[in-house]
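Student: Could you take me closely through the metal site in this model, and then through the spaces and the helix around that part of the chain? I would like the cut-offs behind each term as we go.

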Amino acid sequence: MKTLELHLAVSLLQARYAQAIDDDRLEDWPGFFTEDCFYSITSHENHVRGLAAGIVWCDNQGMLKDRVSGLREANIYERHRYRHVLSMPATVQPEGDRVRAQTPFAVYRITRNRPSELFVTGCYHDEYRITGEDDLKIARRVVVCDSSVFDTLLAIPL
Amino acid sequence: MNDVATPAAPGRTWPDEGLTRIPYWVYTDEALRRQEQQRLYQGETWNYLCLEADLAQTGDYVSTFVGETPVVAVRAEDGELYAFENRCAHRGALIALENAGRTDQFTCVYHAWSYDLQGTLKGVAFEQGVAGKGGMPPGFDKPAHSPRKLRVATTCGLVFGSFSDDVPDLEDYIGEAVLGRIRRILGKGEIEVLGRFTQKLPNNWKLYFENVKDSYHASLLHLFLTTFDVNRLTQKGGLIVSEDGGNHVSYSMVIPDERHGSEYRDQGIRSENQDYTLHDTSFLQGTDEIGDGITLQILSVFPGFVLGQVWNSFVVRQVLPKGVDETELHWTYFGFREDTPEQRTARLKQLNLVGPAGLVSMEDGCVGGFVQRGIATAEDERAVVQMGGDATSSSDTRATEASVRGFWKAYRRHMGL
Ligand code: FES
Ligand SMILES: [Fe+2]
């Protein structure tokens, strides 16, 4: 793919990804990733210090599916949803069948009986695999949150 | 001892039933909150400050809190650890503005008063004035104007501080039974920090600390534990409560071929769901690295330290009040320097169970808030804490609230309530 096409492909995937989560189609979420994907949620401070742990840390797609079924069938929390607001992907760099990109985001949280509130801001540090004509899958996504402070809990994935 | 002449909570009295009833005003009373700062956090308690690993070299420091008091912990030139209030002796500004760092002295940014690594005031900018004018009066005693200093003690690589000269030695304060369970984990080797996160909780700190001690809720609220046999009340395990009630250990073990009892199903308890299976079972395949079969151990030291093991994941939690209905939970995820790459990966995977997004622990972030909102106008009502009778003693069942009552026993003694 050409640079501009790649940029568009990444943007479209990001938009569909955010919409799936915000529309509560969480079952679709693992499908954006390759089977041997890596997904973690960490903070800027941990990231720059090179600390490996995440508040979510998954090294295969099965773990993402388990997150979703955990949320649906096991975990107890007050009903809420997210609204992702995505920036344009920056630094889109193709390398063979891989593409790296960084996309800043803000996520608002809408909890029962409460106004929308800013929940998390951060940046997706991504590596995509080109899997088709204009099809990308996320091979690696590190969600680097700007703050290390999380309010109450983080149940729904970012 | 505490000044018990002043009531900790004017106009309030503890219910006659004793430790089996908790009056709800303890979670909402502003006067009580201020008294806690003096009687608990600045009283005869040891408060977790940081890991010794955070203060490895001379000049390494950490800014943290004892209750709501900002505190600096540091390693000085003599190799010893010191801690002092993070409050400039001049006008009260914070002395250290970073969470952690390395320095050879501390200088307040406001008017540049400076402190050595032991927290003693060493320099006053323009102390002699300028060109013979101004300056401090002669004979100003700098060391006498240092910020308040804490006693510091360490055990098993953990650093604790106390404002009290009368508090017992740290290891006596923790008690041998609980200390043995700290050694069980931290005796394994040199700690390697894997990550740190902070969780804001919308509730009084005591609701969280009680939750930690509440061995009764764990397998009822957290489905992950129950279904995957990490923890069931019917599993072999037990509860240790320290003599004074403040410190505790709850633990359980999985016996590999144990048949599922029907206790949960018989009672129709929600957390029993035999149909629930994982796509990726690798993350719950723990190894018995300590060699005693214990797969879950939660341990607390009054008033704000928690050490947790779930399979092969280890965390330290520091519980800090931030007002009457707000609490911060500082999570430190750790492993050990000598971990193999496989052990490290196993820990990173199993850490999915804990923390603000923990498959097990995320519920604990909510329930305190549910109580805080539930008791909005119930100051004169009380909670019932009667599982297992009225004892505060160790037991071989976890279907008891003994360690919650133990917490209140210690709390009331410190507070003079
Ligand atoms: S407040 Fe610190 S030097 Fe003035
Ligand atoms: Fe819990």
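Tutor: What follows starts at the metal and then turns to the cavities, a helix, the pockets and two single residues. This is a predicted model, in which local features need pLDDT of at least 70 and side-chain atom pairs count only at pLDDT 80 or more, while totals for chains, interfaces and linings use all residues. Residues are numbered from 1 along each chain as its sequence is written, chains are lettered from A and ligands numbered from 1 in the order in which they are written, and side-chain values use heavy atoms, with hydrogens and water left out.

The iron ion (ligand 2) is held by NE2 of B:His217, NE2 of B:His222 and two OD contacts from B:Asp364, at 2.1 to 2.3 Å. Donors here are N, O and S atoms within 2.8 Å of the metal (3.2 Å for Na, K and Ca), and since water is not among the atoms, sites may look incomplete. The angles among the four donor atoms run from 58 to 148 degrees, and the site is classed as irregular. That class takes anything that is neither tetrahedral (four donors, all angles between 85 and 135 degrees) nor square planar or octahedral (four or six donors respectively, opposite donors over 155 degrees apart and all others between 65 and 115). Along the sequence the donor residues follow the spacing H-x4-H-x141-D. Distant parts of the chain are linked in this way: B:His217 sits in the loop between helix H4 (205-213) and helix H5 (218-221) of chain B, whereas B:Asp364 belongs to helix H9 (residues 362-374) of chain B, 147 residues apart. Helices (H or I, at least four residues) and strands (E, at least two) are DSSP runs, numbered from the N terminus. Both B:His217 and B:Asp364 are buried, where buried means under 20% relative accessible area, exposed over 50%, and partly exposed in between (1.4 Å probe, protein chains only).

These two donor residues also appear beside an enclosed space. The structure holds four cavities of 30 Å³ or more, and the largest cavity has a volume of about 270 Å³. On a 1 Å grid over the protein atoms alone, a cavity is a set of points where a 1.4 Å probe fits but cannot get out, a pocket is an open set with protein on both sides within 12 Å along at least five of seven lines, and lining residues have an atom within 4 Å of a point. Grid points are joined across faces, edges and corners, and a volume is the space filled by probe spheres set on the points. Of the 23 residues lining the largest cavity, B:His217, B:Ala218, B:Ile298, B:Arg317 and B:Asp364 lie nearest its centre. Its lining has nine nonpolar, ten polar and four charged residues; Ala, Val, Leu, Ile, Met, Phe, Trp, Tyr, Cys and Pro count as nonpolar, Asp, Glu, Lys and Arg as charged, and the others, Gly among them, as polar. Strand E16 (305-310) of chain B is among the elements that each supply at least two lining residues, and E16(B) gives the largest share, three residues.

Helix H4(B) is another contributor to the lining of the largest cavity. Nine of the nine residues of H4(B) are buried, so this helix is largely enclosed by the rest of the structure. At the N-terminal end of H4(B), B:Asn204 acts as a cap, with a side-chain oxygen 2.9 Å from the backbone nitrogen of B:Lys206.

The second largest pocket has a volume of about 450 Å³. Among its 20 lining residues, B:Leu207, B:Glu210, B:Asn211, B:Asp214 and B:Val371 are the closest to its centre. H4, H9 and strand E19 (382-384) of chain B each give two or more residues to this lining, which divides into 13 nonpolar, three polar and four charged.

Helix H9 of chain B also holds B:Glu363, which is buried, with a relative accessible area of 1%. The side chains of B:Glu363 and A:Asn75 are joined by a polar contact of 2.9 Å, and the B:Glu363 side chain reaches the backbone nitrogen of A:Ile76 at 3.0 Å. A polar contact is a pair of N or O atoms within 3.5 Å; within protein, one must be able to donate a hydrogen and the other to accept it, and residues adjacent in sequence count only if both atoms are side-chain atoms. Finally, B:Pro321 lies in strand E17 of chain B and is buried, with a relative accessible area of 2%.
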